[in-house]
Amino acid sequence: ASFGQVVTVDASFEIFGRAWCVAELAAANSMGMRQHLKFRSADSLALHEGRLRSLRIQDMQASRPEDKEAILSRIPDPAVFDAEL
């Protein structure tokens, strides 16, 4: 069976500031999972485009510092990871 992922993006695009969320999206993408992102509107996407293009996993937040450390420890090259976002 093939799987897909539907991601509903919040109006403020906070999902892209959470390390776990972005790491999970990247993992699904690397496994070849089809992804469908749902935005509030094309205007909201355009408004946040600059922020999305400059995402860095090191700048993202997690509930606990050790969670962020765990996420970063699984990423061999953060610069390559960021470029693939």
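Arg64, Glu66 and Asp67 are linked in a network of salt bridges. The structure described here is a predicted model.

**Charged side chains**

Four salt bridges are counted in this model. Two of them belong to the network around Arg64: the side chain of Arg64 meets that of Glu66 at 3.2 Å, N to O, and Asp67 bridges to Arg64 with the closest N and O atoms 2.8 Å apart. Another bridge joins Asp59 and Arg56, where the closest N and O atoms are 2.9 Å apart. The table lists these pairs.

| Pair | Closest N to O distance |
|---|---|
| Arg56 and Asp59 | 2.9 Å |
| Arg64 and Glu66 | 3.2 Å |
| Arg64 and Asp67 | 2.8 Å |

How exposed are the residues in these bridges? Arg64 has a relative accessible area of 43%, so Arg64 is partly exposed. Glu66 is also partly exposed, at 40% relative accessibility. Asp67, in contrast, counts as buried because its relative accessibility is 14%, and the limit for buried is under 20%. In the other pair, Asp59 is partly exposed with a relative accessible area of 47%, and Arg56 is partly exposed at 40% relative accessibility.

Which side chain of opposite charge is nearest to Asp82? Asp82 sits in helix H4, which covers residues 78-84. Asp82 is buried and has no salt bridge; the nearest side chain of opposite charge is that of Arg56, 4.9 Å away. A salt bridge needs a nitrogen and a carboxyl oxygen within 4 Å, so a distance of 4.9 Å does not qualify. Setting aside neighbours within four places in sequence, Asp82 is in contact with Leu55, Arg56, Ile57 and Gln58.

**The nonpolar core and helix H1**

In soluble globular proteins, nonpolar side chains tend to be buried together. In this model the largest nonpolar core has 15 residues, and those with the most contacts inside it are Val9, Phe16, Val22, Ile57, Met60 and Ile71. Helix H1, residues 19-30, supplies the largest share of this core, with four residues. Val9, one of the core residues named above, touches Ile15, Phe16, Leu37, Lys38 and Phe39 when residues up to four places away in sequence are not counted.

H1 has 12 residues, which at 1.5 Å a residue should span 16 Å; the end C-alpha atoms are 16 Å apart, so the expected and modelled spans agree. Which residues of H1 are buried? They are Ala19, Val22, Ala23, Leu25 and Ala28. An α-helix has 3.6 residues a turn, so residues three or four places apart point the same way. The buried residues of H1 are covered by parts that include strand S1 (4-8), strand S2 (34-38), helix H3 (65-73) and H4. After H1 comes Gly32, which has a positive phi, near 85 degrees.

**Aromatic rings**

How many aromatic pairs are found in the whole structure? The search finds two. The rings of Phe13 and Phe16 have centres 6.0 Å apart and planes at 40 degrees, so this pair is tilted. Phe13 and Phe16 are both buried. Phe13 and Phe39 form a stacked pair, at 5.7 Å centre to centre and with 15 degrees between the planes. Phe13 lies in the loop between S1 and H1, and Phe39 lies in the loop between S2 and helix H2 (42-53), so the stacked pair ties together parts that are 26 residues apart in sequence.

The two members of the stacked pair can be set side by side. Phe13 counts as buried at 1% relative accessibility, whereas Phe39 is partly exposed with a relative accessible area of 29%. Phe13, Phe16 and Phe39 form one aromatic cluster.

Phe39 is also placed by its distance to strand S1. Thr8 is in this strand, and its C-alpha atom is 6.5 Å from that of Phe39 although the two residues are 31 residues apart in sequence. Is Thr8 buried or exposed? Thr8 counts as exposed, at 62% relative accessibility.

Note on methods. Residues numbered from 1 in each chain as written. Predicted model: local features only at pLDDT ≥ 70, side-chain atom pairs only at ≥ 80, totals over all residues. Heavy atoms only, no water. Buried < 20%, exposed > 50% of the residue type's maximum accessible area, 1.4 Å probe, protein only. Helix = DSSP H or I, 4+ residues; strand = E, 2+ residues; numbered from the N terminus. Lys, Arg positive; Asp, Glu negative; His and termini not counted. Contact = heavy atoms within 4.5 Å. Core = buried A, V, L, I, M, F, W, Y, C linked by side-chain atoms within 4.5 Å. Expected span 1.5 Å × (residues − 1). Phe/Tyr/Trp six-rings, centres within 6.5 Å; stacked < 30°, edge-to-face > 60°.
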